[in-house]
Amino acid sequence: MIKDNEILTLEKDIVTPSTMVLAPYHHEWYQATIIDRYAGEIYSKETTSKIIETSCLHWSSSPEGIRRAMKFQLDYHKKSPLAIQPELNIFAFPTMSPEQFGCFWIFPRHVWKKGGDKNRSYIIFRNQVRMDFPISYYVLNKQYQRTCEIFFKYKMAIAEQ
């Protein structure tokens, strides 16, 4: 349970290179938790989808434009990973449809190990924090691989210029 003196908020709810996860949060005032490698848990009044949208705009991109590019380049039509700020390696993927409240956004640059089974999965991050997710390991791994594909496609395009 959150106590008033434990609340850490941001002036702007944006993701940064140290963001590990955006998690939905069921609370009277807060709708999401930004899990940051250094700051820990930061509670937000915005939904995870709104934080993603605000972050894309902050980093001079459009979530819809990124989704359209992913569909065009890689034929991803559902649960598309996003290259929020590729120059800073800020890539993320949703665990389910971003329109659903239970959607987590995971930032793979912080993933150290992952595992699970057909009902649940988990990630151990580079700072040794472990999180469990209500999705199968198959879905988690597929989303992780799709994000890696976007990352490498972006890096190869930059290298060829």
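Colleague: How many helices and strands does the secondary structure of the chain hold?

Modeller: The chain has 3 helices and 9 strands. Bear in mind that this is a predicted model.

Colleague: Which pattern do they follow along the sequence?

Modeller: Read it in order: β-β-β-α-α-β-β-β-β-β-β-α.

Colleague: Now the sheet. What is the strand order in the open sheet of 6 strands?

Modeller: The order is β3-β2-β1-β6-β5-β4, and the pairing is antiparallel.

Colleague: Which strands stand at the edges?

Modeller: β3 (40–44) and β4 do. Each has a single partner strand, so one side of each lacks a neighbour in the sheet.

Colleague: Take the β4 edge. How many bridges join β4 to β5?

Modeller: Strand β4 (residues 82–85) and strand β5 (residues 90–94) are joined by 3 bridges and run antiparallel. To find the register, look at Ala-83: it stands opposite Phe-91 in β5.

Colleague: What links β4 and β5?

Modeller: They form a hairpin, with 4 residues between them. Check the backbone of Asn-89 in the turn: its phi is positive, about 60°.

Colleague: And how does β5 pair with β6?

Modeller: In the antiparallel sense, over 2 bridges, with β6 covering residues 105–106. Here Phe-93 has Ile-106 of β6 as its bridge partner.

Colleague: Next, pockets. What does rolling a probe over the atoms show?

Modeller: A probe the size of a water molecule shows where empty space is left. In this model, the largest pocket holds about 160 Å³ of space.

Colleague: Which residues line the largest pocket?

Modeller: The lining is made up of Asn-89, Phe-91, Pro-108, Arg-109, Val-111, Arg-126, Tyr-144, Thr-147, Cys-148 and Phe-151. Two of these names have come up already. Asn-89 sits in the hairpin turn, and Phe-91 is the residue opposite Ala-83.

Colleague: Which element supplies the largest share of that lining?

Modeller: Helix α3 (residues 137–159), with 4 residues.

Colleague: How do the lining residues divide by character?

Modeller: There are 6 nonpolar, 2 polar and 2 charged residues.

Colleague: Back to the whole chain. What share of the residues count as buried?

Modeller: Of 161 residues, 43% are buried, with the cut-off under 20% relative accessible area.

Colleague: And what surface does the chain expose?

Modeller: About 9200 Å², of which carbon and sulfur atoms supply 51%.

Colleague: Last one. What share of contacts joins residues 24 or more positions apart?

Modeller: Take the contacts with a separation of 6 or more. Residues 24 or more positions apart account for 45% of them.

Note on methods: Residues are numbered from 1 along each chain as its sequence is written. This is a predicted model: local features need pLDDT of at least 70, side-chain atom pairs count only at pLDDT 80 or more; totals for chains, interfaces and linings use all residues. Side-chain values use heavy atoms; hydrogens and water are left out. Buried means under 20% relative accessible area, exposed over 50%, partly exposed in between (1.4 Å probe, protein chains only). Contact means heavy atoms within 4.5 Å. Accessible areas come from the Shrake-Rupley method with a 1.4 Å probe; for residues, only the protein chains shown count as cover. On a 1 Å grid over the protein atoms alone, a cavity is a set of points where a 1.4 Å probe fits but cannot get out, and a pocket is an open set with protein on both sides within 12 Å along at least five of seven lines; lining residues have an atom within 4 Å of a point. Grid points are joined across faces, edges and corners, and a volume is the space filled by probe spheres set on the points. Ala, Val, Leu, Ile, Met, Phe, Trp, Tyr, Cys and Pro count as nonpolar, Asp, Glu, Lys and Arg as charged, and the others, Gly among them, as polar. Two strands pair if DSSP finds at least two bridges between them.
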